Structures are given as structure tokens and as C-alpha cells.
Amino acid sequence: MINYRCPICGDVLTPVGKSLKCTKHCYDVAKEGYVNFLSSSDKHSITPGDNKDMVVSRRIIMESGYYLPLTNYITQNFDFKDKTVLDIGCGEGFIARNLSKFAREVFGIDISKEAVKLSAKSDKSSSFSVASMTHLPFFDHPFDFAVSAFAPYNAKETKRILKKDGTFIVAVPAEEHLFELKKRLYETPILNPKDETEIDGFRLLKRERIDGNFVTDGKGAVTLLKMTPYFYRTNKSAIEALTDIESISVNLSFSVSAFKTVD
Ligand SMILES: C[S@@+](CC[C@H](N)C(=O)[O-])C[C@H]1O[C@@H](n2cnc3c(N)ncnc32)[C@H](O)[C@@H]1O
Ligand SMILES: [Zn+2]
């Protein structure tokens, strides 16, 4: 069983009633089952990470099954049986929820309290905490897999928590991701940059592109937009025009890479 490490003194934290305790410190377990390890030095705002609107929109989109091509690819291409997984920047917990059906132990961390609260509420098999990817609340090398899907990660810290032969799965938007939607919103839509990610201390094992597509109405497209930073960069009239559309085909395109640690 993987224990949390006290972010203040580095001692092991063990469950005592509704708290996690080391010899000097005590962290409450919220009623939803998550722990908040975020220190003020980890925060660059009062409510860091995705806000409630973004998190709720992400939940609606994920529950619609639109991102299943991504989780299906991950669960079909990696063997999680008896393995331990950390989802870094887990959001509302879609990937953790899916991986917990296959893996022995799944943890998710996110800097957004709203995201972690929603994750913990709907997944009692995984363990969730509010923490920054730069200070993961774990000892060295307990995880077989780390996952980062569209979320920031710290290479050194990720390597620290991965076992020596651990695998780091990184999903990023591919060039064409949401391009049809961008064409509706912007005069000169731009493709995402080609995924050429290299990570210090890791070597690339494989990289594949996963494509998906779904049809929704204007309101559905706006919900999708709301879970991304595009929503805040798009002018209101373009969003209103999108809301009124009867039907729109949305293309999803992901680049998924697997990395192994190197000495
Ligand atoms: C685009 S969302 C992806 C969520 C999830 N991985 C998914 O695929 O649905 C990015 C997530 O990274 C989180 N995040 C941003 N900065 C972070 C940090 N410094 N440490 C941990 N999580 C962070 C955000 O709060 C947000 O939930
Ligand atoms: Zn402590």
C-alpha cells in the first residue's frame, strides 16, 4: 500500500480516524475522501488550477464518453494489472476512474480543489489529493506508472516518484485537435504544434496519434469550450453564434507518448 508523505517534515502519514497524521502534523480527510496538501508557497492564486465552471464542464464532456478513444488506447496498450499509478493533474478524475478498473492502486493529484473534490466524490477506488505537480506528496519510487493528460508536470519530481523501470504516459493535443471548432470561432485558426516532446531524464518508448470525432449541438460545443482556456480567449459574440448551431462535428486528436526513465 502506498502511503502519503508529509509535505512538511517528510515523515510517513498514516490514517487515524478521519485524519492523516505523522508524529508532528495532521491533515483532515474531507468528507468526499480527499486530502489537501497544498501549501501557500505552492499557490500562485487563492484558487489555483481549473475553476469550478471548467471542472464541471469537463465532467459533462468526459461522462458523454467523447474522450473514450484516449482512455481505451491507454488501457489497451499498457498492462496495469497489479500496478500502481499516479495521475498528475487528474482534473475531475476521468482517467483515474478508468484506470482504477485495471490497476492495483491509483492516486490522482491536482492543484484545483474543485477538481479533486469532484474526483473523490465519484471514485472511491482511487485516492485523491490537492497538491502541486512540483511537490508530490509521496516517497521516492512507489509508482509503476505516472500519467499526465493535458496537464503540467515536473520531470524531476515525476522521475522521483516513478520506479526505476516505471513508465510515464503523456497525452497532449495533436495538431488537428478541435480544429473544426476553432474554424467556427476564429478568422485565422491555428493548428497546435506537432508533438515533439522530449523529457529530461526520460527516453521515448513510443508515440501514437489517437483520433476521435463526435457530433453535438451548439450548447454541447460551448460546454466543450468551457473546459478549455479557449473559452476565456474567445469573444462573446463568437460564443453566442456557436450556441445557436443545431449540429456540429467536433474532431478530437491526441498525441500519446510513453517514456521510460534513464539513469
Ligand atoms: C486540461 S486539465 C486536464 C485534466 C485531466 N488530466 C483530464 O485529462 O481530464 C489540466 C489540469 O491540470 C491542473 N493543474 C494546473 N496546474 C497544476 C499544477 N501546478 N499542479 C497540479 N495540477 C495542475 C488543472 O487544475 C487541471 O485540472
Ligand atoms: Zn509532518
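Trainee: Which residues does Tyr34 touch, not counting residues up to four places away in sequence?
Mentor: Keep in mind that this is a predicted model, where local features need pLDDT of at least 70, side-chain atom pairs count only at pLDDT 80 or more, and totals for chains, interfaces and linings use all residues. Residues are numbered from 1 along each chain as its sequence is written, while chains are lettered from A and ligands numbered from 1 in the order in which they are written. Tyr34 sits in the loop between strand E3 (26-28) and strand E4 (35-36); helices (H or I, at least four residues) and strands (E, at least two) are DSSP runs, numbered from the N terminus. With contact meaning C-beta atoms, placed from the backbone, within 7 Å, the residues touched by Tyr34 are Val116, Lys117, Ala120, Phe128, Ser129 and Val130.

Trainee: Is Tyr34 buried or exposed?
Mentor: The test counts other C-beta atoms, placed from the backbone, within 10 Å of a residue's own: 20 or more is buried, 12 or fewer exposed, and in between partly exposed. Tyr34 has 24 such neighbours, so it counts as buried.

Trainee: How far apart in space are Tyr34 and Asn154?
Mentor: In sequence, 120 residues separate Tyr34 from Asn154. C-alpha to C-alpha, their distance in space is 22 Å.

Trainee: How many residues of strand E8 (residues 143-149) are buried?
Mentor: E8 is largely enclosed by the rest of the structure. That follows because the buried count for E8 is seven of the seven.

Trainee: How many bridges join E8 to strand E9 (residues 162-173)?
Mentor: Strands pair if DSSP finds at least two bridges between them. E8 and E9 run parallel, and Ala149 stands opposite Ala171 in E9. The number of bridges joining E8 to E9 is six.

Trainee: And which residue in E8 stands opposite Asp87?
Mentor: Strand E5 (residues 84-88) pairs with E8 in the parallel sense over three bridges. Opposite Asp87 in E8 stands Val147.

Trainee: Which residues are closest to ligand 1?
Mentor: A residue counts as near if its C-beta atom, placed from the backbone, lies within 6 Å of the molecule. Around ligand 1 there are 18 residues. The closest are Gly49, Gly89, Gly91, Ser112 and Ala149.

Trainee: What share of the 263 residues in the protein is buried?
Mentor: The C-alpha trace spans about 60 × 40 × 30 Å along its principal axes, and the protein has nine helices and 11 strands. Buried residues make up 40%.

Notes:
Two residues are in contact if their C-beta atoms, placed from the backbone, lie within 7 Å.
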